[in-house]
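Reader: Could you walk me through this one slowly, please? I am new to it and would like to ask things as they come up.

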Amino acid sequence: MRRRRGSSSGEVSVLLGGASNIEGKLNFKGQARLDGVFKGEIVGEGTLIVGPGANVEAQILATAVEISGVVVGDIEATERIELRAPGKLVGNIVAPLVVMDEGVVFEGNCRMAGDGGDSSPKVRLIAGDNK
């Protein structure tokens with residue numbers, strides 16, 4: 001099994017379970033996983049994981065974001081954004097690295113913002129089985 005960067009590293013510091021429904025502002029450090037319903041704003045130093053059953057309506061700023069659920073809102077990541085099937089994103093994204101699996105729904109604009117160094121922004125679109 002392939003190890004995904006972000007979702008496998010570190011310990012979860014915030015967990016919103018599938019039966020949860022929260023509205024407000026979430027600030028986190030480390031890793032946050034959302035499996036329930038969240039509406040508001042998310043700011044994090046670390047990785048935000050939106051699980052397959054999650055429904056998130058938020059403006060998001062984090063180091064890395066991995067989406068397998070539904071997100072409505074703009075996302076800015078300083079390192080990477082990963083859209084994993086069966087994920088759906090309606091909003092604009094900004095990151096130096098964007099990864100999209102086959103089967104993802106993405107409605108919005110993508111801006112590949114580099115870090116200002118020599119490395120250029122990259123996008124990787126995955127087709128077929130990615131195991």
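Author: What follows is a conversation about the predicted model shown above.

Reader: How many helices and strands are there in the chain?

Author: The chain has zero helices and twelve strands, so if you read the elements from the N terminus on, they run β-β-β-β-β-β-β-β-β-β-β-β.

Reader: And what pLDDT does the chain average?

Author: The average for the chain is a pLDDT of 85, and 79% of the residues score at least 70. One stretch to treat with care is residues 1–8, where pLDDT stays under 50 and for which the model has 17 contacts beyond four places in sequence.

Reader: Which way do β2 and β3 run, and how many bridges join them?

Author: They run parallel, and 14 bridges join β2 to β3. One place to see the pairing is Phe-28, which stands opposite Gly-44 in β3.

Reader: What about β3 and β4, how many bridges there?

Author: Eleven bridges join β3 to β4, and these two strands also run parallel. For an example, look at Glu-41, whose bridge partner in β4 is Gln-59. On the other side of the numbering, strand β1, residues 12–16, is joined to β2 by four bridges, again with the strands parallel.

Reader: Let me change topic to the largest nonpolar core: which residues touch the most other members?

Author: That core has 27 residues, and those that touch the most other members are Ile-42, Leu-48, Val-56 and Ile-75. At least two residues of the core come from each of β2 (21–34), β3 (37–50), β4 (55–67), β6 (75–83), β8 (93–95) and β9 (97–100).

Reader: Which strand gives the most to this core?

Author: That is β4, which supplies six residues.

Reader: And what does Ile-75 touch?

Author: Leaving out residues up to four places away in sequence, Ile-75 touches Ile-60, Val-65, Ile-67, Ile-81, Leu-89, Asn-92, Ile-93 and Val-94.

Reader: What share of the chain is made up of buried residues?

Author: Buried residues account for 40% of the 131 residues in the chain. As for the surface, the accessible area of the chain comes to about 7200 Å², and 49% of that belongs to carbon and sulfur atoms.

Reader: I noticed Arg-33, so where does Arg-33 lie?

Author: Arg-33 lies in strand β2, where it is the bridge partner of Leu-15, and it also stands opposite Ile-49 in β3.

Reader: Why does Arg-33 count as partly exposed?

Author: Its relative accessibility is 28%, and because partly exposed covers the range between under 20% and over 50%, Arg-33 falls in that class.

Reader: What does Arg-33 touch?

Author: Not counting residues up to four places away in sequence, Arg-33 touches Val-12, Val-14, Leu-15, Leu-16, Ile-49, Gly-51 and Pro-52. In addition, the side chain of Arg-33 makes a polar contact with the side chain of Asp-35, at 2.9 Å. Another residue to locate is Gly-17, which is 16 residues from Arg-33 in sequence and 8.4 Å from it in space, C-alpha to C-alpha.

Reader: There is also Arg-80; is it buried or exposed?

Author: Arg-80, which lies in strand β6, has a relative accessible area of 9%, and because that is under 20% it is buried. The C-alpha atoms of Arg-80 and Thr-47 are separated by 9.3 Å, although these residues are 33 apart along the chain.

Reader: And Ala-19, buried or exposed?

Author: Ala-19 is exposed, because its relative accessible area is 85%. You will find Ala-19 in the loop between β1 and β2, and its C-alpha atom is separated by 8.0 Å from that of Val-37, 18 residues apart along the chain.

Reader: One last thing: which peptide bond is cis?

Author: The bond from Ala-85 to Pro-86 is cis, with omega near 10°. Pro-86 has its place in the loop between β6 and β7 (88–90).

Reader: And what percentage of contacts join residues at least 24 apart?

Author: Among contacts in the chain between residues at least 6 apart in sequence, 12% join residues at least 24 apart.

Methods: Residues are numbered from 1 along each chain as its sequence is written. This is a predicted model: local features need pLDDT of at least 70, side-chain atom pairs count only at pLDDT 80 or more; totals for chains, interfaces and linings use all residues. Side-chain values use heavy atoms; hydrogens and water are left out. A nonpolar core is a set of buried Ala, Val, Leu, Ile, Met, Phe, Trp, Tyr and Cys residues joined through side-chain atoms within 4.5 Å. Buried means under 20% relative accessible area, exposed over 50%, partly exposed in between (1.4 Å probe, protein chains only). Contact means heavy atoms within 4.5 Å. Accessible areas come from the Shrake-Rupley method with a 1.4 Å probe; for residues, only the protein chains shown count as cover. Two strands pair if DSSP finds at least two bridges between them. A polar contact is a pair of N or O atoms within 3.5 Å; within protein, one must be able to donate a hydrogen and the other to accept it, and residues adjacent in sequence count only if both atoms are side-chain atoms. pLDDT is the predictor's confidence in each residue, from 0 to 100.
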